[in-house]
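Reader: I have the model open and would like each label explained by its cut-off. Please give the rule and then the value.

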Amino acid sequence: MITSDNIDNSPGAAVVTYQNIPLEQFSGVFESTTELSSVASGGKVIKVSDEFFAAAYHLLLVEPSPSLAGQYGPNGALYSGWESRRHNPTHDWCIIKLGTVGVIVGFDIDTSNFNGNEGPEASVDALLSTEDNESSLEDAQWTEILPKVPLGPSSRHLYSIPETARYNYVRLNMYPDGGIARFRVYGHVSPVQPADDTDPFDLAHVFAGGRVVFTSDQHYGVGSNLILPGRGKDMSDGWETKRSRQQGHKDWVIVKLGASGRLQTTEIDTANFKGNFPESCEMHALDSLDDVPDSDSSDWVMILPRVKLGPHRRHFFQLETKQGAVFTHVKMTIYPDGGVKRLRVIGTRGESNARTGFKGKTIPVLPLTPEAFAPFGRVIQGYSDHAAVPPGTKITPANGGTASKFHKLALINSAYPNDSGATAGLSVFRCNPVEVVNGAVELKVLERHSYTNQAFIPMGAAGCLGDEALPDPGNRYLVVVAHNGSGDKPDLSTLRAFIASAAQGVMYNTAVWHQPMTVLYKAMDLTCIETQIGNGDKADCEILNLDGTDGFPQLVL
């Protein structure tokens, strides 16, 4: 809607300076923008003229303003918003630093719950500043980007403006005084990306220019939260869909990457979603000129086959893409519904293997998580938060209440003939650290055990009390696995690499190809649990030396 108040009536000019947006049209106008001012993006109040009744930091909170009717503090009635004293002869103002530099396209000035004490009018100024001294901003040369507009009681006021220049500060002016519950500045991020095209970074991150352009449902939490910095504070700042009641239901979100790139890995974080995380998810990618591509297009390429997800933690997965494939969008599909806190898509604008100078296959090394490792074996670890334990794990108190027992995280299996004389036992491997060159480790050997699974439990740094070193929980080791392929040899396209801490053990499934135990930086002792014939007959272990004619695969840390 355009009214006479929206027109510049100066001589020779008829320029629309802003437009009122009805609330029901919010999605169509602002859905693919970024809330530049939100505290979740790093927005913060720098200076305020007066906040006697209610502090200005409330303006930038993620959640809608709740009613605090009937609650009083030392200065009067409580409000979730910014409220100044009465009888200001001029106007009140609040200077806000945006989470990042961006181009502003509109605002939501919300007076919810302020009824009779709302600010009657407001305007917005903007500034681009690199000054370290933020105390001097009050006297800077501000640019008005939203002229004085009327505000009503307990309602949201949406305004769009033509795209501005780049700004990183805004000043909200309230005439003459009163209260505003929330102030949201919408726009487009000025991307921050590595100067070197070969440096991996999060292509989906909001500060890199990533944008959520479509969500199938965002009943409890909006999709744009997925690409915010950090891990948030609770379920309110993630993406959460409503509960489904239909068999085979799914929800999905499409992210336009900040730059077209070659995709390597993804992180899917379910922090704070403890009983409402998705059962599983999958990911597709697309190279498209469209801002919002068709969700059902046959051109989407599977980059992460459907995998299980767990509660309240980060999941890391290697993405399956062809060498050199470039994509502009990713689509994450969750089954059947639920909540995800953050989505990271790591990749590069250039050749992903240029980091080491190696021209063959490179394998990214990811943190070890139960879901990503599940096709190859089991992760053996304890959890300080029981809500983060993989579903189905039995937990009981132990040791008089001083401990928690996580039952049967991995079972010992053996397929040896009954007359083989094979027995299960414990052994210790003392492993010296491997050489790391240019941030990578060469993979030269794989092995497998065709008749038994095999577990490794870290014991800390090599040595014990009285020996050359004390246990060191900071040690790390590599876990590298692959499925069997044609010719009864490893399928190198299925290679996956993980980095494990001294608080994590692993059990390899029977006959899974894996790298011999490989520790990093410091010597380390690991207990091995396996079934053997005697003290280790050749039938227990098959070793394969990889062909290094074209270079050995590189495990990139």
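Author: Helices (H or I, at least four residues) and strands (E, at least two) are DSSP runs, numbered from the N terminus. By that rule the protein chain has two helices and 39 strands. This is a predicted model, in which local features need pLDDT of at least 70, side-chain atom pairs count only at pLDDT 80 or more, and totals for chains, interfaces and linings use all residues. Residues are numbered from 1 along each chain as its sequence is written, and side-chain values use heavy atoms, with hydrogens and water left out.

Reader: What span does the C-alpha trace have along its principal axes, and what percentage of the residues count as buried?

Author: The C-alpha trace spans about 95 × 55 × 55 Å along those axes. Buried means under 20% relative accessible area, exposed over 50%, and partly exposed in between (1.4 Å probe, protein chains only). Of the 557 residues of the chain, 49% count as buried.

Reader: Why is Ala422 called buried, exposed or partly exposed?

Author: The relative accessibility of Ala422 is 25%, so Ala422 counts as partly exposed. Ala422 is found in strand β28 (residues 422-431). Its C-alpha atom is separated by 6.2 Å from that of Thr531, although the two are 109 residues apart along the chain.

Reader: What makes an open region a pocket, and what is the volume of the largest pocket?

Author: On a 1 Å grid over the protein atoms alone, a pocket is an open set of points where a 1.4 Å probe fits, with protein on both sides within 12 Å along at least five of seven lines; lining residues have an atom within 4 Å of a point. Grid points are joined across faces, edges and corners, and a volume is the space filled by probe spheres set on the points. The largest pocket comes to about 880 Å³. It is lined by 39 residues, of which Phe26, Glu35, Tyr186, Val222 and Ser224 are the closest to its centre.

Reader: How do you know where the largest pocket lies with respect to domain 1 and domain 2?

Author: Domain bounds come from an automatic or database domain assignment. Domain 1 (19-189) and domain 2 (201-354) both contribute to the lining, so the largest pocket lies between them. Elements that each supply at least two lining residues are α1 (26-30), β2 (34-35), β7 (92-110), β13 (182-189) and β15 (211-215). Strand β15 gives the most, with five residues.

Reader: How do the lining residues divide into nonpolar, polar and charged?

Author: Ala, Val, Leu, Ile, Met, Phe, Trp, Tyr, Cys and Pro count as nonpolar, Asp, Glu, Lys and Arg as charged, and the others, Gly among them, as polar. The lining then holds 15 nonpolar, 15 polar and nine charged residues.

Reader: What makes two rings an aromatic pair, and how many such pairs are there?

Author: Rings of Phe, Tyr and Trp (its six-membered ring) pair if their centres lie within 6.5 Å; planes under 30 degrees apart count as stacked, over 60 as edge-to-face and the rest as tilted. This rule gives 15 aromatic pairs. For Phe30 and Tyr186 the ring centres are 4.9 Å apart and the planes are at 25°, so this pair is stacked. Phe30 belongs to helix α1 and Tyr186 to strand β13, so the pair ties together parts 156 residues apart in sequence. Phe30 and Tyr186 are both buried.

Reader: Why is the pair of Phe456 and Tyr508 called edge-to-face?

Author: Phe456 and Tyr508 have 6.2 Å centre to centre and 70° between the planes, which fits the edge-to-face class. Phe456 is in strand β31 (residues 454-461) and Tyr508 in strand β34 (residues 505-508), 52 residues apart. Phe456 has 2% relative accessibility, so it counts as buried. Tyr508, at 1%, is buried. Phe456 and Tyr508 are among the members of one aromatic cluster, which also includes Phe373, Phe376, Phe429 and Phe498.

Reader: How do you know that the charged end of Arg306 sits over the ring of Tyr335?

Author: A charge sits over a ring if NZ of Lys or CZ of Arg is within 6 Å of the ring centre and within 35 degrees of the ring normal. The charged end of Arg306 meets this rule at 3.8 Å from the ring centre of Tyr335. Arg156 does likewise over Phe26, at 5.5 Å.

Reader: What joins Tyr335 and Pro336?

Author: A cis peptide bond joins them, with omega about -20°. Pro336 lies in the loop between β21 (327-335) and β22 (339-340).
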